[in-house]
Amino acid sequence: MWRAVLALIVKELLAVLKDPKSRMVLIVPPLIQLIVFGYAATFDLNRVPIAIYDQDHSEASRDLVAQFLGSRIFERVATLQSARRITPLIDARKVDLVLSIDRRFTRDLLTHQPAPVQLIVDGRDSNTALIILGYANSIITDFSLDWMQAHGERPVPAVLDVRARYNPTLSSQWFIVPGIVAVLTQVVTLLVVGLSVARERETGTFDQLLVTPYRQGEILLGKGLPGLLIGGIEASVIILAAVLWFGVPLRGALFPLYLGLLLFVASVIGIGLMISSIAVTQQQALLGAFLFMVPSIMLSGFATPIANMPPLIQDLTWLNPMRHFLIVVRGVFLEGAASGTFLPEYAAMAGIAGTSLFAAGWLFRRRVY
Amino acid sequence: MPAESELPPALRLEGVSHAFTSRGRTAAALDGITARAERGAVTGVIGPDGAGKTTLMRLAAGLLQLRSGRIEVLGIDVARNPDDARSRIGYMPQRFGLYEDLTVRENLDLYAKVQNVPRAGREARDGELLHMTGLAPFLSRLAGRLSGGMKQKLGLACTLVRVPEVLLLDEPTVGVDPVSRRELWEIVDHLVRTERMAVVLSTSYLDEAERCRSVLLLHEGRLVGATDPASFAAQVSGRSFHVSAAGTGKRQLQERLARTPGVVDATIQGAFVRVVTESGGQLSAAELSPQATPLTIVPVPPRFEDSFVALLKSSSPATASPGQAIARGETPEENGSRGTPSPPETTGSAGNEPVIFADRLTRRFGSFIAVDAVSFAVRRGEIFGLLGANGAGKSTTFRMLCGLLPPSDGTLRVAGYDLRRAAASARGRIGYMAQKFSLYGDLSVLENLRFFASAYRLLEPHRGARIAWALEEFGLGPHADAVSRELPLGFKQRLALACALMHEPEILFLDEPTSGVDPLARREFWRRINALAESGVTVLVTTHFMEEAEYCDRLAVLAQGKVLAAGDPESLKARARTAERPQPTMEDAFIALLEAASRPRAA
């Protein structure tokens, strides 16, 4: 039996590697995506264009503006003399933020009254707007504290002192890059496996395979193991790149990471084979793969936190293998967590893998077209 | 107005060559073709798949960029004035782009709009087209619901919404049932006769050549003949015979005759062996049969195919088709017939019990009944054919027998098993060769053989021996490392058969095994199948090809999911025998059956 399954695996690998097109799909797009995602997909804001409308023209207001511009976060692109230019600038997306300092600013500060500073932010991209406001807020808080100290006032009773555990500089690259391991492994495995049965259906070789003495479990193994091999290699390359190129710390051991990877790739293979055995043509398989891929990334916690989703959707994400693997891969990378921590994730992925592989094997023979 | 003969011809090709490049390799599709097609006549472009027919048609229609040579349509240079030429051409590709979700009328309207046909006069033209194609009663039917033959006719009607001067038809009759095929030809003849249209029609069916005014014979991209069919066939006149021998099976007789010196071609035709000799004159029984078996020899009129085979065999080895050496009966054949699998051990089933058995086999897809209570039985060592047009239900029956599709109703037994429910090992008893030779195209010949040897669980040293046997027996040795996708069609077919025979199966399933391959490769293929049947292998063949039906011991003729008739080829043909047709062909028999089947319903 093993000899026959081995022959199937060798054939499958040869078919993938001998075809220059599928060989390219395995190497070039993941590499490009790794670089693009690694650098481009970040929540950190840099050089946000702002306009300054300083009506006070005092030392204090110049200090505040200097603190805004001193950070690399904001960059002045306009200085306004009248309020009328605010709306056109924001409408034209020339600036994301307008800092407007009232002409009573210094007077209020000196008379110990709350000194109003107006921030007008472009709210069309709500996520960015919130981040900008957060930065601006902390600059204004710092300014207030400095002012009080310099003018011998009593400091405010409670002072915030933040330490970020696991990611001291709050670099979003540390958060995103381990996630890319999951995303790219899923894309490549799903494409390799998802198209394989459909391709054989198109050329008629799948019927040929079904009339040989192969049992459906053996076909499943023969189709799945090459995917496991390719997905594993792909993931290892990205893990290496994450550590060596992006400098993300790999604090945990390899065992919990690879155990998670094994279960994750197995569940992706199961889903890929299911799509593949339902599809009649490669085109249908490709559409099916994307139909699965997009929501699975959206609902995985790769970019947006699952905790923010409505409860029903949160429950739904349990069916998403990527959600579980993201917890494992981020946990191992940043926390250095051990395998014991991930038992619920391992169990969930094992369940998804088992169910989907079984369903795929069943569909191989039952599917009538 | 000048006389027709002074006008430029409908189509003129001058030194036309074309090559396709893929993955750095160049494959010549056409090689220096110089030919012409006359006005007001049907010109056949005839040759097996891969001969370059479609390339030639597409070049003539201006759909492919001409690289070398010159093509003129009605005197217009196609490369220089493609739009001008295209406005006078009607082109129907192999798979005409019908919109299956639109009705017949909507398809016609759409093509009229696409072709910018003015509203005025369309009414009359449509009526004429619908009358000609017999589609008038089906105007509101969805194109996807039409039969294969009706789809082809609708495609033709859509091509003709604008009256072209030159009509290019690329394999319009492939896979179409014989009745529709005859009707398509009647339409073509009608167009030529009444509208003086020039028709250039490509086909791989050699018997269609006889319906053309002139033919261009293509073989591996070369023009090997350009004549009128009658005088082409006459080249072998007096050299064709029907031979039969009392007491000798037709297959042994054919095998022996094929090896006799002086015999160019020997094929099975029902109960007879059709023989074409090297030189004319009366064939003497003594010459053919030194063992003095009493032979009956009847001279028969020459066929187009006889000449074609004689021509291919006499052409130089460099241009020979892949199967030539073996088909000629030279060395590989000697060890070949000995190398064919030894008779498989008999199964538990005793004596006369059928090896393949179907009883009221039915398959429904929704409300559509693809196979309707089909019953037949095949004995050991028999070659059994399922003959029918595309959509007749033969592929569905075939897939049920192989265990690929569950029947909706009825019982079936293959070697005593229902392959769908039986243990996986039961599948090791059957060999399967699918339509279009499904092989792993990216893998080399050797890798394909190795894979199937392992798939059938052959163990060393037997496995190695079988792979060596396949390479040797099928002449694949020199191509062992060639990528199978790039093999010529004849070699693909050999490789597919080699893979199917790897494990010496007792039952062989063949789905359209020789459709489109050249006549020599087809002969070689059937020689092997005959040898296998002689050694006790049971063979089930599906085909829409009348000629392949002749090789069968018995056949079931299928139409619309039902068995119209079953029996041996001779008795089926005998049913169609009439006073004006004393020697009906298989096609005549098929048409007679279809007509008989539709008559009670029409009444």
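Trainee: Okay, so domain bounds come from an automatic or database domain assignment. Which domains does that assignment give for chain B?

Mentor: For chain B you get domain 1 (4-230), domain 2 (235-314) and domain 3 (356-567). Keep in mind that this is a predicted model, where local features need pLDDT of at least 70 and side-chain atom pairs count only at pLDDT 80 or more, while totals for chains, interfaces and linings use all residues. For the labels, residues are numbered from 1 along each chain as its sequence is written, and chains are lettered from A and ligands numbered from 1 in the order in which they are written.

Trainee: How far apart are domain 1 and domain 3 of chain B?

Mentor: Their C-alpha centres lie 33 Å apart. As for touching, 13 residues of domain 1 of chain B are in contact with 11 residues of domain 3 of chain B. Two residues are in contact if their C-beta atoms, placed from the backbone, lie within 7 Å.

Trainee: What classes of residue are on the domain 1 side there?

Mentor: Three nonpolar, seven polar and three charged. Here Ala, Val, Leu, Ile, Met, Phe, Trp, Tyr, Cys and Pro count as nonpolar, Asp, Glu, Lys and Arg as charged, and the others, Gly among them, as polar.

Trainee: And chain A, how is that divided?

Mentor: Into domain 1 (2-41 + 171-366) and domain 2 (48-150). The C-alpha centres of these two domains of chain A lie 47 Å apart.

Trainee: Switching topic: how many residues of chain B are in contact with chain A?

Mentor: 25 residues of chain B, and they meet 20 residues of chain A. On the chain B side, β19 (430-433) and α14 (445-455) each supply at least two residues, and α14(B) gives the most, with four. That side of chain B has 13 nonpolar, seven polar and five charged residues.

Trainee: What do labels like α14 and β19 stand for?

Mentor: Helices (H or I, at least four residues) and strands (E, at least two) are DSSP runs, numbered from the N terminus. Chain B has 20 helices and 23 strands.

Trainee: I'm looking at the sheet with β11 to β14 in chain B. What's the strand order?

Mentor: The order is β12-β13-β11-β14, in an open sheet of four strands with antiparallel pairing. Two strands pair if DSSP finds at least two bridges between them. At the edges are β12 (263-269) and β14 (295-299) of chain B, each pairing on one side only. From one strand to the next, the twist averages 25°.

Trainee: How many bridges are there between β11 and β14?

Mentor: Five, between β14(B) and β11 (residues 240-245) of chain B. A245(B), for instance, has L295(B) in β14(B) as its bridge partner.

Trainee: Which strands does helix α8 touch?

Mentor: α8 (residues 250-259) of chain B packs on the sheet and touches β11, β12 and β13 (272-277), with its direction at about 170° to that of β12(B). Helix α10 (residues 304-314) of chain B also lies across β11, β12 and β13, running at about 140° to β12(B). Axes are lines fitted to C-alpha atoms, for helices over the stretch in contact, and angles run from 0 to 180 degrees between N-to-C directions.

Trainee: What about the inside? Which residues touch the most other members of the largest nonpolar core?

Mentor: A60(B) and V539(B), out of 249 residues in that core. Helix α7 (residues 172-203) of chain A supplies the largest share, 18 residues. A nonpolar core is a set of buried Ala, Val, Leu, Ile, Met, Phe, Trp, Tyr and Cys residues joined through C-beta atoms within 7 Å. A residue is buried if 20 or more other C-beta atoms lie within 10 Å of its own, exposed if 12 or fewer, and partly exposed in between, with C-beta atoms placed from the backbone.

Trainee: Leaving aside neighbours within four places in sequence, what is V539(B) in contact with?

Mentor: Its contacts include I383(B), F384(B), L508(B) and I529(B).

Trainee: Any backbone oddities? Where is Y166(A) found?

Mentor: Y166(A) is in the loop between α6 (126-150) and α7 of chain A, and has a positive phi of about 70° although it is not a glycine.

Trainee: And is E504(B) buried or exposed?

Mentor: Buried, because E504(B) has 22 C-beta neighbours inside 10 Å. E504(B) isn't a glycine either, yet has a positive phi of about 50°.
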